[in-house]
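The following note sets out some points for a colleague who is beginning to read this model. Each point may be checked against the structure shown below.

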Amino acid sequence: MRREGEYSFLRTVTSIPSVSSFIFHPSSFILLICLAGLIAAAPLAHLLAPQLYVEARYKPGEFQAAKESIALSLMGQLQMSVGDLMWLKTLEYLHNGIIYRMPSQREQSQGLQAAEFTGMGAGVAHHDGPSLVPDKDRDWRGPLGDVDRHIEPWRPGHPQHSDPQELIPWYQLLVKFNPHYVQAYTNGAFFMSDFARQPEMGRDFLIAGAEKNPWSFEIESVLGRIYFDYFKDYERAADALVKATGLAKQEKRALAERQDKLDNIQGQLLGEAYLFLARSYTGLGQFDEALAACDEGMEEVPGYNLLRVQKRIVKKHKAGEGGGSE
Amino acid sequence: MWKNIRKPVTIARVTVLESIRRKDPYVVLILGAAMVLGAGLFSRFGVEGLEKFVKDVGFTVTTVFSIVICVVATARQLPAEIQNRTLYPSLGKPISRTSFYFGKYLGVSLMSCAVVVAFFVLLRVLLLVFGIPVGGVFYQALYLRVLSMWFIAAGVLCLSLFLTHAANVTISLLACMGMQLFAHSILYIHDELTGVSLRLAEALYWMAPHLELFDLSKKVIHGWPPIPMWVLGGMTLYGIVYAAVFFAVGCVRFRRMAL
């Protein structure tokens, strides 16, 4: 009886054309074979993985071969170019789509200079020259110029800046293409923490950047500032900023050997590193260390006057007269 | 009148049907799906207020793919007909070469316009899904992009009678994608030029077909207001003049060609 019931069930199933045709169709066997292959591949991959392990670091011979490889050189140039194009994209977003250029030599001789924009903090400073699409009175293209001024984003007068939050995805993409673009990490983290109000995202972005650029004092400097400003974690801030100042000294030494020095943005970031280091020590109640940080900072970045102000604040704190660390 | 128009319309209809048979619309759908999947990238960033980025990616994909489809589809029309010898039975019928050429031009232009409209519909749906508003400038951008398809198709069809298929596709794509770079380069260097080089740069600028003027995507991306109607009218006239010049040159060449 029972066996008859089973047969009748099979008959019922196989009598449904779609089900039976699916089960006995050749493609079902192929699918089954693929499935079996996938199941078999899992333990095989587990066994093979240690054999396929590749070290992240180049061995000396490999490094030399990489330096001499034309293909790698071209790939490196492509990486840099894509990174630079994305950097230009961030500037385009910041200026609402309007492209600005540096003044030509003739324009400079006529007194037209690029204006420095420092409204958003260190690392975001840049120069704004005239717009690429010329104003009507300076345009040689007649009606084509009139049309172009309506088709291309263009506005007379000084540049206006958009919400920098819109720039964040470009920084994230940029560091995917070129993980050594330090300014993308510092700017991106600043905008994430400040404008997008997501300091955790900014912190993680910088930590990822520091892993890829362990020599960069700029990243450690901004990381320390984010710990100080948004997390009030003075200990971590001090750790990052001590690291930043140490790395900066190394970089200054290396630059001095090549008769070079830190640029303006780097100088600004180094000054901020000492300032926030002093503030962090003050927040931790370590006034002697804070004073030492101010002194060292004034020596390393002589033009950074905020350190003198901070030194006076620390002295007041030490004497038990001051209020907060700010 | 209708009798004169019917012949090129029939050729155009066959061109569109041939394009459907060659599965060009499927390519559009696949590319559209890739665009929508690419939009999934945005959620990974987890930051609000990325309207510009979404629009930028959408418009870049739309512009590049619609130009590629227009160029590739147009460039193969006449060389394929000549190579496969399907041109001869067509010309054996009571149809002039001008009508045939016009029919081909009409067909590829309509097909390219349909592709652009499909992309813009897809893009509009994508922006609706993300809750990103677009103003009237979005539809102006659509109009100018559709207009540019007629312009590009005329140029590529004309070049297909002078160049090999591969050379035509390469040159046309470079011209379409690089025209903005060319125009911006002239604007960059113009102030530093003098004498003959200045005159040459200005002449080149005036003569070159300015495809970048049909691209309003930056205005849409950065949320600018719609442009005045006289600009659209001017661009329509500009597009018609250039398309007519390319069409006339191509038509003369096709009529004189020894087949």
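**Notes on the predicted model**

1. Helix α7(B) bends by about 55° at G178(B). The model under review is predicted, and this bend is a convenient place to begin. Does the length of the helix agree or disagree with its number of residues? The helix covers residues 165-189 of chain B, and at 1.5 Å a residue its 25 residues should span 36 Å. Its end C-alpha atoms lie 34 Å apart, which agrees.

2. Which residues of α7(B) are buried? They are N168(B), V169(B), S172(B), C176(B), A183(B) and L187(B). The cover over these buried residues includes three helices of chain B, namely α3 (51-83), α6 (136-159) and α8 (195-207).

3. Helix α3(B) may be examined in the manner of point 1. For its 33 residues, 1.5 Å a residue gives an expected span of 48 Å, and the end C-alpha atoms are 48 Å apart, which agrees. A bend of about 35° occurs in α3(B) at Q77(B), and the proline P79(B) follows within four residues. After α3(B) comes R85(B), with a positive phi near 60°.

4. The largest nonpolar core has 56 residues. Those with the most contacts inside this core are C70(B), V71(B), Y105(B), I152(B), A153(B), A154(B) and L157(B). Which helix provides the largest share of the core? That helix is α6(B), with 16 residues. The student may then look at V71(B): apart from neighbours within four places in sequence, V71(B) is in contact with I152(B), V156(B), V169(B), S172(B), L173(B) and C176(B). Of these partners, V169(B), S172(B) and C176(B) also appear among the buried residues of α7(B). A second core, separate from the one above, has 52 residues, including F205(A), A244(A), C294(A) and I313(A). As general background, nonpolar side chains in soluble globular proteins tend to be buried together.

5. How many residues does each chain bring to the contact between chains A and B? Chain B gives 25 residues and chain A gives 24 residues. On the side of chain B that touches chain A, at least two residues come from each of α3, α7, α9 (217-221) and α10 (229-256). By class, this side of chain B has 14 nonpolar, 5 polar and 6 charged residues.

6. Chain A contains 15 helices and 2 strands. Of its 326 residues, 32% count as buried. Among the contacts in chain A with a separation of 6 or more, 60% are between residues 24 or more positions apart.

7. Two loop residues of chain A deserve attention for their backbone angles. Most residues other than glycine have a negative phi. R197(A), however, has a positive phi near 55°. R197(A) is placed in the loop between α9 (182-194) and α10 (199-212) of chain A. Because R197(A) has 13 C-beta neighbours inside 10 Å, it counts as partly exposed. The phi of K232(A) is likewise positive, near 50°. K232(A) belongs to the loop between α11 (217-231) and α12 (234-257) of chain A. K232(A) is exposed, because 11 other C-beta atoms lie within 10 Å, and a residue with 12 or fewer counts as exposed.

8. Is P302(A) buried or exposed? P302(A) is exposed, because it has 11 other C-beta atoms within 10 Å. This proline is located in the loop between α14 (287-300) and α15 (306-318) of chain A. P302(A) and G271(A) are 31 residues apart in sequence, while their C-alpha atoms are 8.8 Å apart in space.

9. A similar pair can be found in chain B. R13(B) belongs to helix α1 (residues 2-21) of chain B, and with 14 C-beta neighbours inside 10 Å this arginine counts as partly exposed. R13(B) and L110(B) are 97 residues apart along the chain, and their C-alpha atoms are separated by 9.5 Å.

10. Finally, confidence should be considered. The model scores ipTM 0.87 and pTM 0.74. Chain B has a mean pLDDT of 87, with 93% of its residues at 70 or more. Which element of chain B has the lowest mean pLDDT? It is helix α2 (residues 24-45), at 68, whereas α6(B) has the highest, at 95. Where pLDDT is low, the predicted coordinates should not be read in detail.

Notes. Residues numbered from 1 in each chain as written. Chains lettered and ligands numbered in written order. Predicted model: local features only at pLDDT ≥ 70, side-chain atom pairs only at ≥ 80, totals over all residues. Expected span 1.5 Å × (residues − 1). Bend = angle between axes of the 7 residues up to and from the residue. Buried ≥ 20, exposed ≤ 12 C-beta atoms within 10 Å, placed from the backbone. Contact = placed C-beta atoms within 7 Å. pLDDT = per-residue confidence, 0-100. Nonpolar A, V, L, I, M, F, W, Y, C, P; charged D, E, K, R; others polar. Core = buried A, V, L, I, M, F, W, Y, C linked by C-beta atoms within 7 Å.
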